[in-house]
Amino acid sequence: MLLHVLGTAAGGAVPQWNCACTGCSGARTHPHWRRRHAALAVTGPGEDGWLMVNATPDITDQMEAHPGLRPGPAGPRTPVVTIVLTDAELDHTLGIARLREASRIEIHATEPVRWALRERLRLDSVLAPYTDLVWRDLPLTGSGATLTLCGTDVTAVPLSDKRPRYAADGEAGAPWVTALRLSDPGGGATALYAPALARWSPEFATQLATCDCVLLDGTFWDDDEPVRAGFSARTARGMGHLPITGDGGTAERLSGTAARCLYTHLNNTNPLVDPDAPQHEQLRRHGLEAAQDGMVISL
């Protein structure tokens, strides 16, 4: 199973167009600091097709950056795109519209996420003149159902009912945000992808303990970062993201985990966007790392 890390940034990417913070200014000066929106492409052993995990505003650029995701010599175009969504946030879904040249787009998502995209963003109405949207259910762990897509078994781990602002009236208590468990159907390696983690639930901990690789929410370095940076009155936890460090931070929870653990979904204010920041060494002492755009993980 191959995981292509298409991007590792939180909403707005790095640099963010309206920001001149240290991270954004550094990315304008040093191109290797730049990060596209967090997303993943996955394929199983012996497969030609790719499963796209989330569809960001950068999706076509992300696909062009990976030769394996470009149309092959067998046909002039890519007819079908398969997408699995972890949530309904704009930075994870706006890219669907950029794929309108496909003859069919298959979207696998939980019921509340499908509702938000169809009833609030009106994607069916907007894209019907261009392409055929096919909506599929995303099974939850414990349901007994498993999807097999592009040679990969996929199930969703419910994480929280955090709704995007445009769908704030959506059903409370529903699985709005999930992690994805990605497994080799032949009984091989398993990965867990969780770009938005609001709480460390027993179910998440159980799933993590049986994985070979985990890519998880690294939006904020510490809980006060959003307030200190001046763009929010809410803490990291208040915005639905467990911080990396501090009391109850994820680095301490992950320390000693057998799986390879990488942080993704980094905010532009996170010091980890600077490749030379001392915080990288702090992660290494826990056996952790920050994921990089373009990296390929073979499991």
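**View 1. The salt bridge between Arg228 and Asp222 in this predicted model****.** Welcome to the first close-up, where the side chains of Arg228 and Asp222 come together with an N to O distance of 3.0 Å. The two partners sit in contrasting settings: Arg228 is exposed, at 56% relative accessibility, whereas Asp222 is buried, at 17%. The pair belongs to a set of eleven salt bridges found across the whole structure.

**View 2. Asp137 and Arg114 joined by a salt bridge****.** Here the closest N and O atoms are 3.0 Å apart. Asp137 belongs to strand β6 (residues 132-137) and Arg114 to helix α5 (residues 111-120), so this salt bridge ties together parts that are 23 residues apart in sequence. On the strand side, Asp137 is partly exposed, with a relative accessible area of 46%. Its helix partner, Arg114, is buried at 17%.

**View 3. Glu106 paired with Arg104****.** In this salt bridge, 2.9 Å separates the closest N and O atoms. Glu106 is buried, its relative accessible area being 13%. Arg104, at 29%, counts as partly exposed.

**View 4. Ser160 and its surroundings****.** For a change of scene, look at Ser160 in strand β8, which covers residues 152-160. Ser160 has a relative accessible area of 17%, so it counts as buried, the cut-off being under 20%. A polar atom of the Ser160 side chain lies 3.4 Å from the backbone nitrogen of Lys162. Beyond the neighbours within four places in sequence, Ser160 is in contact with Ala174, Pro175, Trp176, Val177 and Ala198.

How values were computed. Residues numbered from 1 in each chain as written. Predicted model: local features only at pLDDT ≥ 70, side-chain atom pairs only at ≥ 80, totals over all residues. Heavy atoms only, no water. Helix = DSSP H or I, 4+ residues; strand = E, 2+ residues; numbered from the N terminus. Buried < 20%, exposed > 50% of the residue type's maximum accessible area, 1.4 Å probe, protein only. Polar contact = N/O pair within 3.5 Å; in protein donor to acceptor, adjacent residues only side chain to side chain. Contact = heavy atoms within 4.5 Å. Salt bridge = Lys/Arg side-chain N within 4 Å of Asp/Glu carboxyl O.
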